[in-house]
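Subject: The structure I promised you

Hi,

Here is the structure we talked about. Have a look at it first, and then read my notes underneath.

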Amino acid sequence: MNQLNKNLISITKSLGEALKMLNSLSNDKILFVIGTNNRFIGSITDGDIRRGLMVSKSLKIKLDSIVRKKAKYLRKEDKNIQKLIELRDKGYKIFPVLD
């Protein structure tokens, strides 16, 4: 598995599957949720999972009910280093760079 794939999860997966994946990550406690054709949908952190469990009390719910759709990202063609600096200054350690 390459470096990027370890942080990717399909929108069709369950909250329990996301929890297992997050637990296997050493430092980057974030998953990037993808849909059909590997299209970026959003992100999920351990905090999102905790909130999902408080509401549903089930590890079987699908990720579409807890995914953060307004996740931060950069575009590959974006050459503005200031955006990267701003994300880092706001505490974002990992974020996708989209085509």
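Below is what turned up, one topic at a time. Keep in mind that this is a predicted model.

**Salt bridges**

How many salt bridges does the structure hold? There are 3, and helix H2 is a good place to begin.

Find Asp46 and Arg50 in H2, which covers residues 46-56. These two form a salt bridge, with their closest N and O atoms 3.5 Å apart. They sit 4 residues apart in the helix, which means that about one helical turn separates them. Asp46 is partly exposed, its relative accessible area being 36%.

Now go to Asp48, also in H2. Asp48 pairs with Arg51 in a salt bridge whose closest N and O atoms are 2.8 Å apart. Again the spacing is about one turn of the helix, this time with the partners 3 residues apart.

Asp48 has another partner too: Arg68, with the closest N and O atoms at 2.7 Å. This pair joins distant parts of the chain, since Asp48 lies in H2 while Arg68 lies in the loop between H2 and strand E4, 20 residues apart. Put together, Asp48, Arg51 and Arg68 make up a network of salt bridges.

Is Asp48 buried or exposed? Its relative accessibility is 5%, so it counts as buried, the cut-off for that being under 20%. Its two arginine partners are another story: Arg51 is partly exposed at 44%, and Arg68 is partly exposed at 40%.

**How the two helices pack**

Next, turn the model until you can see H1 (residues 15-24) beside H2. Their axes are 10 Å apart and the packing angle is about 150°. Anything over 145 degrees counts as roughly antiparallel, so that is how H1 and H2 run relative to each other. The crossing of H1 past H2 is left-handed.

Which residues meet there? From H1 you have Leu15, Ala18, Leu19 and Leu22, and from H2 you have Asp46, Ile49, Gly52 and Leu53. You have already met Asp46 as the salt-bridge partner of Arg50.

Just ahead of this, have a look at Ser14, in the loop between strand E1 and H1. Ser14 counts as buried, with 11% relative accessibility. Leaving aside residues up to four places away in sequence, Ser14 touches Leu59, Lys60, Ile61, Lys62 and Leu63.

**An aromatic pair**

Searching the whole structure gives 1 aromatic pair. It is made by Phe32 and Phe40, with ring centres 6.3 Å apart and planes at 55°. That makes the pair tilted, as edge-to-face would need an angle over 60 degrees. Both phenylalanines, Phe32 and Phe40, are buried.

**Two residues with positive phi**

Finally, two loop residues to click on. Asn37 has a phi near 60°, which is a positive value in a residue other than glycine. You will find Asn37 in the loop between strands E2 and E3, and at 78% relative accessible area it is exposed.

Lys57 also has a phi near 60°, and it too is a residue other than glycine. Lys57 belongs to the loop between H2 and E4. With a relative accessible area of 68%, Lys57 is exposed.

Have fun turning it around!

Cheers

Notes. Residues are numbered from 1 along each chain as its sequence is written. This is a predicted model: local features need pLDDT of at least 70, side-chain atom pairs count only at pLDDT 80 or more; totals for chains, interfaces and linings use all residues. Side-chain values use heavy atoms; hydrogens and water are left out. A salt bridge is a side-chain nitrogen of Lys or Arg within 4 Å of a carboxyl oxygen of Asp or Glu. Buried means under 20% relative accessible area, exposed over 50%, partly exposed in between (1.4 Å probe, protein chains only). Rings of Phe, Tyr and Trp (its six-membered ring) pair if their centres lie within 6.5 Å; planes under 30 degrees apart count as stacked, over 60 as edge-to-face and the rest as tilted. Axes are lines fitted to C-alpha atoms, for helices over the stretch in contact, and angles run from 0 to 180 degrees between N-to-C directions. Angles under 35 degrees count as roughly parallel, over 145 as roughly antiparallel, 65 to 115 as roughly perpendicular and the rest as oblique. A crossing is left-handed if the near helix is turned anticlockwise from the far one by less than a right angle, and right-handed if clockwise. Contact means heavy atoms within 4.5 Å.
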